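In these entries I record what I looked up in one structure. I began with a single helix and then turned to a pocket and two loop residues.

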Amino acid sequence: MTMIDFRKPMMKILSAALVAASAALAFSVTAQAEPDGEAIYNQACMACHMTGAAGAPIKGDAEAWEPRLEKGMEILYTHSIEGFNAMPPKGGNLSLSDEEVKASVDFMVSAVE
């Protein structure tokens, strides 16, 4: 009786799966390295920073952002992460990482630079 050797085809399948998994992991690490500030703004910040609710500076309003920017980006980041006045920490979305919050701040600030 002839025996069929499945080892070689199986090794090819396993190798292809390993390559695909490695590529997916590399993409995931890259995606996590650079948070999408606009997407985060749209999800967590827009409600207040589009309307000016509770005194939030409106995205694109250079006059409203000027005194905040004069204090420096580190203070702006700290206030955004820890909360400041009526703004809750991380805009109320505590699941955001500090880097995601900073990316959303960078997105808003870019509209007035």
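**Entry 1: a helix and its packing.** I looked up what the buried residues of H4 pack against, and I found H3 and H5. I noted that the model is a predicted one. I then listed the buried residues of H4, which are Leu 76, Tyr 77, Ser 80 and Ile 81. Viewed down the axis of H4, these buried residues fall within an arc of 125°, so they line one face of the helix. I recalled a general point here: an α-helix has 3.6 residues a turn, so residues three or four places apart point the same way. On the face of H4 turned away from the buried side, I found the exposed residues Glu 74 and Glu 82. I also checked what follows H4, and it is Gly 83, with a positive phi near 95°.

**Entry 2: the largest pocket.** Which residues lie nearest the centre of the largest pocket? I found His 49, Ala 56, Pro 57, Phe 84 and Met 87 there, out of a lining of 30 residues. I recorded a volume of about 600 Å³ for this pocket. I next asked which helices supply its lining, and I noted that H2, H3, H4 and H5 each give at least two residues. H2 gives the most, with 5 residues. Sorted by class, the lining has 20 nonpolar, 7 polar and 3 charged residues.

**Entry 3: Asn 93.** I located Asn 93 in the loop between helix H4 (73-82) and helix H5 (98-110). Is Asn 93 buried or exposed? Its relative accessible area is 16%, and the cut-off for buried is under 20%, so I entered Asn 93 as buried. I then looked up its contacts, leaving aside neighbours within four places in sequence, and I found Gln 43 and Ala 44. With Gln 43 there is also a polar contact of 3.4 Å, which joins the two side chains.

**Entry 4: Gly 55.** I located Gly 55 in the loop between helix H2 (37-49) and helix H3 (62-70). Its relative accessible area is 51%, and exposed means over 50%, so I entered Gly 55 as exposed. I finally looked up how Gly 55 lies with respect to Asn 85. The two residues are 30 residues apart in sequence, and their C-alpha atoms are 9.1 Å apart in space.

Note on methods
Residues are numbered from 1 along each chain as its sequence is written. This is a predicted model: local features need pLDDT of at least 70, side-chain atom pairs count only at pLDDT 80 or more; totals for chains, interfaces and linings use all residues. Side-chain values use heavy atoms; hydrogens and water are left out. Helices (H or I, at least four residues) and strands (E, at least two) are DSSP runs, numbered from the N terminus. Buried means under 20% relative accessible area, exposed over 50%, partly exposed in between (1.4 Å probe, protein chains only). A polar contact is a pair of N or O atoms within 3.5 Å; within protein, one must be able to donate a hydrogen and the other to accept it, and residues adjacent in sequence count only if both atoms are side-chain atoms. Contact means heavy atoms within 4.5 Å. The arc is that of the directions from the helix axis to the C-beta atoms. On a 1 Å grid over the protein atoms alone, a cavity is a set of points where a 1.4 Å probe fits but cannot get out, and a pocket is an open set with protein on both sides within 12 Å along at least five of seven lines; lining residues have an atom within 4 Å of a point. Grid points are joined across faces, edges and corners, and a volume is the space filled by probe spheres set on the points. Ala, Val, Leu, Ile, Met, Phe, Trp, Tyr, Cys and Pro count as nonpolar, Asp, Glu, Lys and Arg as charged, and the others, Gly among them, as polar.
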